[in-house]
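Colleague: I'm new to this one. Could you take me through a single part of it up close, and then show me how the rest sits around that?

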Amino acid sequence: MNKPVFLTSTTIKFKLFLSAIFIFLLTACNPVTPTTDLEEMQARQTLIMGTMNSALTYSFDGDNYSGLDYELGKKFAKYLNLKLIIKEYDDFDSLFSALEDNEIDFAGAGLTLTPKRAEKYRSSPPYYYLSQTLVYHKGTYRPRDISDIDAPVNVLKGSSHEENIKASLIDYPDLVINVLENEDQESLLQKVAQKEIQYAIVDSTTLAQKQRYYPSLAEAFTIYEKQPVAWLIRKAQDDSFYSAMIEFMGNQYNSGTIAKVEEKYFGHIGDFDYVDTRIFLKRIDSRLPKYEALFKQYATPEVPWLLLASVSYQESHWNPKATSPTGVRGMMMLTLDTAKFVGVKNRVNAEQSIQGGAKYLTQLIKRLPESIPEDERIWFALASYNIGLGHLLDVRRITKMREQNPDSWADVKENLPLLHERKWYTKTRYGYARGREAKHYVDNIREYLETLTWHAQEQEKALKLAEEQKAEEARLAAIAKAEEERLAAIELEKQKKLEEEKLAEAQRQAAIEAENQARIAADKQAEEAKQAALEAAEKAEAKAAAKLAEEQKEQAEAGVKLAEEQKAQAEAAAKLAAEQKAQADAAAKLAEEQTQTEPAPKVDQTTVTP
């Protein structure tokens, strides 16, 4: 499968920049030849289509890309021998800004060609037409026209619905319009189905599709009839690309491709049956789970299990004992001849019937002419399952007689009712057949298949969400457990530390007590030693004092004796001094006497120490 290439806005701008440089260099080399928009695309070898996600325009189901605009875009790129690049946008404003900023070559998103858009942009020829309808919830008040609307009308920002309904404000100034951002048509319909909003404007084709999922949706009235849907390009783009687009669309019309693609996406959408849809949705939940494993077990590459289940519902409403007036029986309503042909012995045995039906339908697909396109073979086979391969080949012959394409389901489907008309069935090999029923039969199966596919996708989303929630719960539980274990470890470590600290404290206290006891004992011993020392000292002091006293007594006595001696000495010295004075006085007197008679002789004075 060739998948579209997705590029970021920055990447595309960079490639466009490189392309512009390349084109500039070419122009510089040959300034006489101008470069057209188409030549620029050919130089970069890509065609960039801007679109929005929806089942009718462009979507990816995990395995395949689909959508009317996507399929035509692929064909357009192939027609130009370019690689298709898809750029997806979330809303109309972003899409149109990208177009105006030259980030995309054209916008293909089921865009209604309104007067304002026609004034601002160039467009391709319309490739289909649609109506715009006011939707309400079945069982609530139903307006009959715009003047009867009694609540706000909800539309998407930047949509043709917004432009058209706002034009009605001139005639209906009291009309209240809610313009919603970050939504799409399906989310609007879901809000109506869930009674979050009362009214919304959507395309008739979108409503017809989504009613199979939300059967409570109903059309109040058609606001605008037959609105053309087209691709848009910039006004500034030259005629090279514009002409190629017009030529391409013309070729697609002439080759029947437009009709084929329209039939693929719209051909099976008939009048909505509220009751049948409600019952079908209920039985998807109540009956299908009983047989889902069997459908999956006996599915083939040509007949996937959802298709097999859709055929079975159309045939028997998943009732293994179903019986028709013509005698066909079982889950796949096999005839006796068909059951024998595919080896089914008990038609009312659910497993045998499903296995036989899958085998028979697969064989029908393989027996079809190889000229029938792969994506349409199943519809031919389903018609054959209903009316027989011979009658289907008759319709192909009638289609060829009418100069239509016998390999196109759109053309063959159109001619199936002719098997009721004598004018035509008399020209066939196998004659009359219930062609109208076969047409309705295939359309019903396609609607059931579409609903089952949507339901399976929703279940897958729910399962994925449940798994994500379970994983998240497991992750949170693991985090909680890890946190619990961490806290427990911390608490254990804390307790261990407390025990260690308690033990250490006890040991410290014991050591302190031992130290205190030792200190007390030492202090006591020291005190005792001190007391002993004091007593000894006191004794020594007393002894020393006694001795000192004795010594002092002796010293006193010696002092007294010394004093007495000194007194005696002093008295002797005084006596000596008196004697010496007397002698001196005598000597002096003598000297004086001698002086008066003669010179006095020298006297040798000797000091006498007492």
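**A close look at Thr57 and beyond**

Modeller: Let's start with Thr57, which is buried, with a relative accessible area of 5%. Keep in mind that this is a predicted model. You'll find Thr57 in the loop between β2 (46-52) and β3 (59-60). So what does Thr57 touch, leaving aside its neighbours within four places in sequence? Because contact here means heavy atoms within 4.5 Å, we can simply list the partners. They are Thr51, Met52, Ser66, Gly67, Leu68, Asp69, Tyr70, Ala109 and Gly110.

Two other loop residues are worth a stop. Most residues other than glycine have a negative phi. Lys195 has a positive one, near 60 degrees, and sits in the loop between α7 (185-193) and β11 (199-203). Lys195 is exposed, with a relative accessible area of 56%. Met333 isn't a glycine either, yet its phi is positive, at about 50 degrees. Its loop runs between α13 and α14 (336-341), and Met333 is buried, at 11% relative accessible area.

Now for the interior. The largest nonpolar core has 58 residues, and Phe295, Val311, Trp318, Leu361, Leu382 and Tyr385 are those with the most contacts inside it. Several helices supply at least two residues each, among them α11 (274-286), α12 (288-298), α13 (305-316), α15 (350-367) and α20 (435-597). The biggest giver is α16, with eight residues.

Pick out Tyr385 and look at what surrounds it. Not counting residues up to four places away in sequence, Tyr385 touches Val311, Glu315, Met332, Leu334, Gly357, Tyr360, Leu361, Leu364 and Tyr441. There's also a second, separate core of 32 residues, which includes Phe106, Val229, Ile233 and Val261.

Finally, turn to a pair of helices, α12 and α15. How do α12 and α15 pack? Their axes are 9 Å apart and make an angle of about 35 degrees, and the crossing is right-handed. On the α12 side the contact is made by Tyr291, Leu294, Phe295, Gln297 and Tyr298. From α15 come Ala350, Glu351, Ile354, Gln355 and Ala358. Sort the residues of this contact by kind and you get seven nonpolar, two polar and one charged. Phe295 ties this back to the interior: it takes part in the α12 contact with α15 and is one of the residues with the most contacts inside the largest core.

Conventions
Residues numbered from 1 in each chain as written. Predicted model: local features only at pLDDT ≥ 70, side-chain atom pairs only at ≥ 80, totals over all residues. Heavy atoms only, no water. Core = buried A, V, L, I, M, F, W, Y, C linked by side-chain atoms within 4.5 Å. Buried < 20%, exposed > 50% of the residue type's maximum accessible area, 1.4 Å probe, protein only. Helix = DSSP H or I, 4+ residues; strand = E, 2+ residues; numbered from the N terminus. Axes fitted to C-alpha atoms, helices over the stretch in contact; angles between N-to-C directions. Left-handed = near helix turned anticlockwise from the far one by under 90°. Nonpolar A, V, L, I, M, F, W, Y, C, P; charged D, E, K, R; others polar.
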